[in-house]
Amino acid sequence: GLAGVGILAIILYRNNKHKQKVNEQLNAQKKSIESTLAELKSTQAQLIQSEKMASLGELTAGIAHEIQNPLNFVKNFSEVNRDLLAELLQELAKGNYAHVQSIAADVIENENKIVHHGKRAETIVRSMLQHSRSSSGKKEPTDINAMVDEYVKLAYPGLRAKDKKFNAKFETELDPELGELNVNRQEIGRVILNLINNAFQAVTEKKEHSPQNFEPTVWIKTKKLQGTVQIRIKDNGTGIPESLQGKIFQPFFTTKPSGYGTGLGLSLSYDIVKAHNGEINLKTIPG
């Protein structure tokens with residue numbers, strides 16, 4: 001009986017030691033997996049930020065070009081007003097009040113133009129800041145037509161600044177009944193910018209291998225449908241081969257040369273649209 005108890009004790013001891021060893025191994029594997037997961041999350045965050053900064057870079061040149069126009073207006077009208085005010089003082093000294101009233105009316109009209117173009121510059125800068133900062137995930141009523149129009153007008157000169165040979169026609173057809181939509185403006189703006197840039201790049205690529213009469217064109221259309229809003233971006237570019245159509249929303253998939261794309265633009269766009277309970281679909285004809 002004592003021998004049996006002794007053998008049982010030895011077996012239990014060995015089993016316990018084996019369990020302790022297995023637990024230690026499991027804990028070590030768990031820590032290793034947690035560490036790897038943390039590294040993957042950190043890498044993912046860095047890649048996403050890299051994609052955001054890449055799209056911000058696409059905007060920067062366009063912003064620099066676009067903001068120069070309202071600033072020039074502000075500068076010019078301010079200089080005109082300075083001359084008008086000097087003239088107004090001279091007319092006051094002469095007692096020519098009829099002319100003073102006419103000059104004052106011109107000054108007021110110029111001031112209104114200064115305010116208008118100042119607000120335009122402010123809108124452009126605000127768009128850049130919203131595009132660059134980390135998303136809060138907050139949704140707010142947004143004028144979709146105004147946002148689409150703004151991003152098209154910033155994307156086009158941005159690409160022109162990067163490639164002086166770039167030249168394409170773009171047409172917009174914005175549904176006046178669209179109104180506002182409750183979205184995260186920064187994220188949906190990023191989707192629109194990404195798709196517009198892809199369209200412009202597709203027509204540019206086709207232009208290089210097409211006859212001179214080919215006119216690269218991008219169409220941007222918004223439409224209010226029953227219970228939904230549709231944003232359609234269409235181009236007469238190269239199209240996408242059937243073998244690649246199922247891959248374009250996959251992370252890191254890109255047809256661009258090395259160093260020209262992260263392969264995250266369409267993947268992030270897909271995730272953003274899905275997070276807004278929307279759908280993003282592709283219709284394409286190769287060539």
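Colleague: How far does α4 reach from its first C-alpha to its last?
Modeller: α4 is a helix, that is, a DSSP run of H or I of at least four residues; strands are runs of E of at least two, and both are numbered from the N terminus. α4 has 24 residues, and the expected span, 1.5 Å times one less than the number of residues, comes to 34 Å. The reach in the model is close to that, at 35 Å.

Colleague: What sort of model is this, and what do its side-chain values leave out?
Modeller: It is a predicted model, in which local features need pLDDT of at least 70 and side-chain atom pairs count only at pLDDT 80 or more, while totals for chains, interfaces and linings use all residues. Residues are numbered from 1 along each chain as its sequence is written, and side-chain values use heavy atoms, leaving out hydrogens and water.

Colleague: How many residues of α4 are buried?
Modeller: Buried means under 20% relative accessible area, exposed over 50%, and partly exposed in between, with a 1.4 Å probe and protein chains only. α4 is largely enclosed by the rest of the structure, because the buried residues among its 24 number 17.

Colleague: Which residue has a side-chain oxygen that reaches a backbone nitrogen at the start of α4?
Modeller: The criterion is a polar contact: N or O atoms within 3.5 Å, where within protein one can donate a hydrogen and the other accept it, and residues adjacent in sequence count only if both atoms are side-chain atoms. The backbone nitrogen belongs to glutamine 186, and the oxygen comes to within 3.2 Å of it. That oxygen is on asparagine 184.

Colleague: How many aromatic pairs are there?
Modeller: Rings of Phe, Tyr and Trp (its six-membered ring) pair if their centres lie within 6.5 Å; planes under 30 degrees apart are stacked, over 60 edge-to-face, and the rest tilted. The count by this rule is three.

Colleague: What is the geometry of phenylalanine 170 and phenylalanine 200, and how many residues apart are they in sequence?
Modeller: Their ring centres are 6.3 Å apart and their planes lie at 75 degrees, so the pair is edge-to-face. Phenylalanine 170 is in strand β2 (residues 169–174) and phenylalanine 200 in α4 (residues 185–208), so the pair ties together parts separated in sequence by 30 residues.

Colleague: Which of these is buried, phenylalanine 170 or phenylalanine 200?
Modeller: Phenylalanine 170 has 30% relative accessibility and therefore counts as partly exposed. At 0%, the buried one is phenylalanine 200.

Colleague: Which residue forms an aromatic pair with phenylalanine 249?
Modeller: This pair is tilted, with 5.3 Å from centre to centre and 40 degrees between the planes. Phenylalanine 249 sits in the loop between α5 (242–245) and α6 (265–275), and its partner is in helix α6, 21 residues away in sequence. The partner is partly exposed, with a relative accessible area of 29%. It is tyrosine 270.

Colleague: Which residue has its charged end over the ring of tryptophan 219?
Modeller: A charge sits over a ring if NZ of Lys or CZ of Arg is within 6 Å of the ring centre and within 35 degrees of the ring normal. Here the charged end is 5.2 Å from the centre, and the residue is lysine 234.

Colleague: Which backbone oxygen does the side chain of asparagine 81 reach?
Modeller: Asparagine 81 lies in helix α1 (residues 2–94) and is buried at 3% relative accessibility. Beyond four places in sequence, its contacts (heavy atoms within 4.5 Å) include Asp106, Asn110, Glu111 and Ile114. The side chain comes to 3.5 Å from the backbone oxygen of valine 107.

Colleague: How far apart in space are valine 273 and valine 183, C-alpha to C-alpha?
Modeller: Valine 273 is in helix α6 and is buried, with a relative accessible area of 12%. Leaving aside neighbours within four places, it is in contact with residues including Val191 and Ile280. Valine 183 is 90 residues away in sequence, yet the distance in space is 9.9 Å.

Colleague: What is the phi of asparagine 277?
Modeller: Most residues other than glycine have a negative phi. Asparagine 277, in the segment after α6, is exposed at 73% relative accessibility. It is not a glycine, yet its phi is positive, at about 60 degrees.
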